[in-house]
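The following exercises concern empty space, helix packing and backbone geometry in a protein model. Each task is followed by a worked solution.

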Amino acid sequence: MNLLLEWVSPVWLTDPILSLAFRVGVAATFLAVMTLVFIVALRVDMVFGERRDSRFQKIWRPVLMQAMVSRVTNPPRLARRDLYRFLKMWGHFHLSVKGEAAQGLDQVIHDLGVSKRILRLLHRRKLSVQLLAIMAAGYMKLSQARKPLLRQLRSLHPLVSLTAARALLHLDPETSVSHVVPEIVRRLDWPLALVATVLKEVPAVPIMGALAGAIRSAPPDSQARLVRYLADTQEPAALRLVEDLMKSSSDAEVLSACLFVAQSPRLFPLIVPLLRHPQWFVRMNAARALGRIGDATAWPLMVSLLKDSEWWVRYRTAEALVRLPGVVEGRLLRLREYADVPEIKSLLMQAMVEKDMK
Amino acid sequence: MEEKQSPPVALVVEDDEIVAELLTFMLEREGLTVVRAADGRQAMDAIDSRLDLSFIMMDVRLPYRDGFELLREIRRRPEFEKVPIMMLTAQVREDEVSRALELGANDYLIKPFKPMEMIARVKRLLKK
């Protein structure tokens, strides 16, 4: 007994310095053991997670791929804990396909009966879960998700609000346009490329018409940003807006944006005067626009720009000349051959090589 | 005895594993044997080692060497001059389509795509 007491509370512990050292040693050992236990637990969790993940992939990848080509009549039961994994894979496939394949994916998720669980996930704090739930709610056209999605559309987080905008447009483009378009105008933090992708996913008629209307009444600095979203659209209201802005605007940024999206040969007479605009980026975009929609009559106008004071204008003009519709290689070779400035020769040479010409 | 004809071999070059899996699934469904590469280097290794390729499908954006570079390289080789090549490109980069066609691609597919339409196009290319 005495021995035990001595072991638990040894005499040397009465010394304050030794006692402190002993306590610090015990605490350090305890912390080290706890850290080790934590690391082992994390490792075990990761290994089990990977195994679960691989089992999940083995079951669900073939099911979802099959669903894209034909109806899956008896999908396997989806475990509650696999919903996140499922939405991740399902969403990834959904972003890669369209048409009947996308409808097949929607059918599977409807057959699984997970709508209520997805609606609950919309309110989860974890960002990745919330984003997947928003995306799924949109693709599934869950009308009960409309209210929470409208709230999320005003979220300060750009990804949450933009994903909610996308989901709302999938859910019901007609009625969502009036909510989404003002946000497109207002949100400067939404990535341009992502917004452009979203705009291409929905029918052009409600969204591009509404966007064109909003751009018309926006201040010039917003107009310059927003006009770029009209690239590639054939929606008449959008085409009219670009033409009207090119006729009426004196803002160099707006004109530059209009030239960037210009795709109708009807705009040719409006582009030509801009080749002599005082701002170099307007001249550069005018040359590029002619390279897309011009014809052989634009040739002399563009050739004169090869001697512009700004290098970017000369460089982009050389590129545009090579792309100019109706221009044959021989004409370019002659221009290069007889150019009196060595830089013109090298600019044309580079542009032609990039296009796999001689 | 009748000699059994071996199935055509397709090379799928795609760094997105899910998309690569989907393309493989669709092509194998049509009886093709699929060889996969996840980046430009692996693609070149496959091209160097497999001269029996009947069809190549590749993404434009790839690690190490992009699709255009590969396309140029493949078309330079006489043995691959006639092998049909289909390029995959993202929706927002439609300008890449014209560049791919100029460099010798036979067809292109814009993501997101319709898998059945993709198969119809592949069949057309293989028939040619």
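Helices are DSSP runs of type H or I with at least four residues, numbered from the N terminus. The model treated here is predicted.

**Exercise 1. Determine how many cavities of 30 Å³ or more the whole structure holds, and describe the lining of the largest cavity.**

Step 1. A search of the whole structure returns 1 cavity of 30 Å³ or more.

Step 2. The volume of the largest cavity is about 40 Å³.

Step 3. Its lining consists of A:Met135, A:Tyr139, A:Thr163, A:Arg166, A:Ala167 and A:His170. Two elements of chain A, H6 and H8, each give two or more residues to this lining.

Step 4. H8(A) supplies the largest share of the lining of the largest cavity, 4 residues.

Step 5. Sorted by class, the lining of the largest cavity comprises 3 nonpolar, 2 polar and 1 charged residues.

**Exercise 2. Characterise the second largest pocket by its volume and by its lining.**

Step 1. The volume of the second largest pocket is about 940 Å³.

Step 2. The lining of this pocket counts 34 residues, and those nearest its centre are A:His94, A:Leu95, A:Ser96, A:Glu201 and B:Pro112.

Step 3. In chain A, helices H3 (83–96), H4 (100–112), H8 (158–171) and H10 (192–201) are the elements that contribute two or more residues to the lining of the second largest pocket. The largest share, 5 residues, belongs to H10(A).

Step 4. The class division of this lining is 14 nonpolar, 8 polar and 12 charged residues.

**Exercise 3. Classify the mutual orientation of H19(A) and H20(A), and list the residues that meet.**

Step 1. In chain A, the axes of helix H19 (residues 329–338) and helix H20 (residues 342–354) are 9 Å apart, and the packing angle is about 155°.

Step 2. Angles over 145 degrees count as roughly antiparallel. H19(A) and H20(A) are therefore roughly antiparallel to each other, and their crossing is left-handed.

Step 3. From H19(A), the residues A:Glu329, A:Leu332, A:Leu333, A:Leu335, A:Arg336 and A:Glu337 meet A:Lys345, A:Leu348, A:Met349 and A:Met352 of H20(A). This contact includes 6 nonpolar, no polar and 4 charged residues.

**Exercise 4. Carry out the same analysis for H1(B) and H5(B).**

Step 1. In chain B, helix H1 (residues 17–29) and helix H5 (residues 115–127) have axes that come within 10 Å and cross at roughly 55°.

Step 2. H1(B) and H5(B) are therefore oblique to each other. The crossing of these helices is right-handed.

Step 3. B:Leu23, B:Met26, B:Leu27 and B:Arg29 of H1(B) meet B:Pro115, B:Met116, B:Met118, B:Ile119 and B:Val122 of H5(B). The classes represented are 8 nonpolar, no polar and 1 charged.

**Exercise 5. Is the peptide bond from B:Lys111 to B:Pro112 cis or trans, and is phi of A:Lys141 positive or negative?**

Step 1. As a reference, most peptide bonds are trans, and most residues other than glycine have a negative phi.

Step 2. Omega for the bond from B:Lys111 to B:Pro112 is near -5°, and the bond is cis. B:Pro112 is placed in the loop between strand E5 (107–111) and H5 of chain B. B:Pro112 also belongs to the residues nearest the centre of the second largest pocket.

Step 3. For A:Lys141, phi is near 55°, a positive value in a residue other than glycine. A:Lys141 is found in the loop between helix H6 (127–139) and helix H7 (146–153) of chain A.

Key:
Residues numbered from 1 in each chain as written. Chains lettered and ligands numbered in written order. Predicted model: local features only at pLDDT ≥ 70, side-chain atom pairs only at ≥ 80, totals over all residues. Heavy atoms only, no water. 1 Å grid on protein atoms, 1.4 Å probe; cavity = no way out; pocket = protein on both sides within 12 Å on 5 of 7 lines; lining within 4 Å. Points joined across faces, edges and corners; volume = space filled by probe spheres on them. Nonpolar A, V, L, I, M, F, W, Y, C, P; charged D, E, K, R; others polar. Axes fitted to C-alpha atoms, helices over the stretch in contact; angles between N-to-C directions. Parallel < 35°, antiparallel > 145°, perpendicular 65-115°, else oblique. Left-handed = near helix turned anticlockwise from the far one by under 90°. Contact = heavy atoms within 4.5 Å.
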